[in-house]
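Trainee: I am new to this structure. Please take me through one part of it in detail.

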Amino acid sequence: MNSVAKPVIVRMDQGHSAQVLAIYQAGIDGGNATFESAAPDWPSFDRGHLAAHRLVAVDANGRVLGWVAATAVSGRCVYAGVVEHSVYVAPHVQGLGVGRRLLQALIDSTEAAGIWTIETGIFPENAASVALHVGAGFRVVGTRERLGSHHGRWRDVLLLERRSQSVPDRSARPC
């Protein structure tokens, strides 16, 4: 099977919270997704992510298969069109196209909002996530070496970004 049968992409809301946080925790437990050691509570997650750019993929029974969410990289107006994102997919549907659909939905929502750059940090060992992002038009900007200690060892993080081809150049817009 090459993809999950037509998951629907919808805006994430509190009704999805338990499943979203469980998928997040599963990614954390896998050891190659984040420096975090535990998923936050819902109010913290909710405050930390832009409501317009929080999406879930749900199956025909309403089960969350994965999620994507963006955060502003800065409060300064010159960075108003730059977000950082995370994408997580439930272990039982990884590799079936859910992440690709979520990432494309995020690209669509951010471009519609005038966001010109999406960035993310990925552990180099997370080859599937790197491939997903490169396939969606992200490029590896560089490696942030020994960025942080994770489970007693220093970890590198690849910095990836996707620059919109459809959002006008930022230099044309004053702050």
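Mentor: What follows is a close look at Arg-155 and the strand that holds it. The model is predicted: local features need pLDDT of at least 70 and side-chain atom pairs 80 or more, while totals for chains, interfaces and linings use all residues. Residues are numbered from 1 along each chain as its sequence is written, and side-chain values use heavy atoms, without hydrogens or water.

Arg-155 belongs to strand S7, residues 153-163 (helices, H or I, of at least four residues and strands, E, of at least two are DSSP runs numbered from the N terminus). With a relative accessible area of 2%, Arg-155 is buried (under 20%, with a 1.4 Å probe and protein chains only).

The side chain of Arg-155 makes a polar contact of 2.6 Å with that of Asn-32 (N or O atoms within 3.5 Å, one able to donate a hydrogen and the other to accept it; residues adjacent in sequence count only if both are side-chain atoms). A polar atom of the Arg-155 side chain also lies 3.2 Å from the backbone oxygen of Gly-31. Beyond four places in sequence, the residues in contact with Arg-155 include Phe-35, Phe-123, Glu-125, Arg-144 and His-150 (heavy atoms within 4.5 Å).

As for the strand itself, consider the largest nonpolar core, which has 38 residues, with Met-12, Phe-45 and Trp-67 among those touching the most other members (buried Ala, Val, Leu, Ile, Met, Phe, Trp, Tyr and Cys joined through side-chain atoms within 4.5 Å). S7 is one of the elements giving two or more residues to this core, as are helix H1 (17-30) and strand S3 (64-72).

How values were computed. Buried means under 20% relative accessible area, exposed over 50%, partly exposed in between (1.4 Å probe, protein chains only).
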